[in-house]
Amino acid sequence: MDQQRKAIALLYEGGPDAPQITAKGEGDLAEQIVQLALDYEVPIYENADLASLLTRMELGDQIPESLYRTIAEIIAFAWHLKGKVPEGFVWPEDGIDGNSG
């Protein structure tokens, strides 16, 4: 069985709304989504099971509550890679960023 690559693009602008699906595709369309992410230096997270779940949803849908924690961890990691932190965020005293204090 030949499984095509799947890709999902999520948009999260903060606030009370959950991230929403802004692009999705399989095969060639998935490759185009990934290439656009690379072109614009958008972090990419690869997880075939998560992609399979999210491709069943419609464009514009917000992610379901059952995936909040998973998606939040992915977004937090992507922000970290880009050197971003949420407004009002303070690093813990133990220095999780590699610094103390």
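Buried, in these legends, means under 20% relative accessible area. With that cut-off in hand, welcome to a tour of a predicted model, in which buried residues make up 22% of the 101 residues in the chain.

**Figure 1. The whole chain, from strands to helices.** Two strands and three helices make up the secondary structure here, and reading along the sequence gives the pattern β-β-α-α-α. Take the contacts with a separation of 6 or more: residues 24 or more positions apart account for 50% of them. The chain exposes about 7800 Å², and carbon and sulfur atoms supply 50% of that area. The views that follow start with the pockets and then turn to helix H2 and several single residues.

**Figure 2. The largest pocket and the elements around it.** Rolling a probe the size of a water molecule over the atoms shows where empty space is left. The largest pocket has a volume of about 1400 Å³. Its lining counts 41 residues, and Ile8, Ala9, Leu10, Pro43 and Tyr45 are the closest to the centre. Which elements each supply at least two residues of this lining? They are strand S1 (6–11), strand S2 (20–26), helix H1 (28–39), helix H2 (48–55) and helix H3 (68–81). H3 gives the largest share, with eight residues. If you like to sort a site by chemistry, the lining of the largest pocket has 27 nonpolar, six polar and eight charged residues.

**Figure 3. The second largest pocket, with Ala76 among the residues closest to its centre.** This pocket holds about 470 Å³ of space. Its lining is made up of 22 residues, of which Ala72, Ile75, Ala76, Trp79 and Pro86 are the closest to the centre. By class, the lining of the second largest pocket divides into 16 nonpolar, four polar and two charged residues. Ala76 sits in helix H3 and is partly exposed, because its relative accessible area of 46% lies between the 20% and 50% limits. Look also at the pair Ala76 and Pro86: they are 10 residues apart along the chain, and their C-alpha atoms are separated by 8.9 Å.

**Figure 4. Helix H2 and its buried face.** Leu50, Ala51, Leu54 and Thr55 are the buried residues of H2. Why do they line one face of the helix? Seen down the axis of H2, these residues fall within an arc of 130°, so they share one face. The general rule behind such a view is that an α-helix has 3.6 residues a turn, so residues three or four places apart point the same way. On the other side of H2, you will find Ala48 and Asp49 exposed. The buried residues of H2 pack against S1, S2 and H3.

**Figure 5. Thr55, a buried residue of H2.** Thr55 belongs to helix H2. With a relative accessible area of 14%, Thr55 counts as buried because that value is under 20%. Which residues does Thr55 contact once its neighbours within four places in sequence are left aside? The partners are Lys6, Ala7, Ile8 and Lys24.

**Figure 6. Ala23 in strand S2 and its surroundings.** Strand S2 is the home of Ala23. Is Ala23 buried or partly exposed? Ala23 is partly exposed, because its relative accessible area is 22% and buried would require a value under 20%. Not counting residues up to four places away in sequence, Ala23 touches Ala7, Ile8, Ala9, Ile33 and Leu59. Ala23 and Leu11 are 12 residues apart along the chain, with 9.3 Å separating their C-alpha atoms.

**Figure 7. Glu58 in the loop between H2 and H3.** The loop that joins H2 and H3 contains Glu58. Once the neighbours within four places in sequence are set aside, Glu58 is in contact with Ile21 and Lys24. Glu58 and Ile21 lie 37 residues apart along the chain, while their C-alpha atoms are separated by 7.3 Å.

**Figure 8. Glu41 and its positive phi.** This last view shows Glu41, in the loop between H1 and H2. Glu41 has a positive phi of about 55°, although it is not a glycine. Is Glu41 buried or exposed? Glu41 is exposed, because its relative accessible area of 62% is over the 50% limit.

Methods. Residues numbered from 1 in each chain as written. Predicted model: local features only at pLDDT ≥ 70, side-chain atom pairs only at ≥ 80, totals over all residues. Heavy atoms only, no water. 1 Å grid on protein atoms, 1.4 Å probe; cavity = no way out; pocket = protein on both sides within 12 Å on 5 of 7 lines; lining within 4 Å. Points joined across faces, edges and corners; volume = space filled by probe spheres on them. Helix = DSSP H or I, 4+ residues; strand = E, 2+ residues; numbered from the N terminus. Nonpolar A, V, L, I, M, F, W, Y, C, P; charged D, E, K, R; others polar. Buried < 20%, exposed > 50% of the residue type's maximum accessible area, 1.4 Å probe, protein only. Contact = heavy atoms within 4.5 Å. Areas by Shrake-Rupley, 256 points an atom, 1.4 Å probe, with all protein chains shown as cover. Arc of directions from axis to C-beta.
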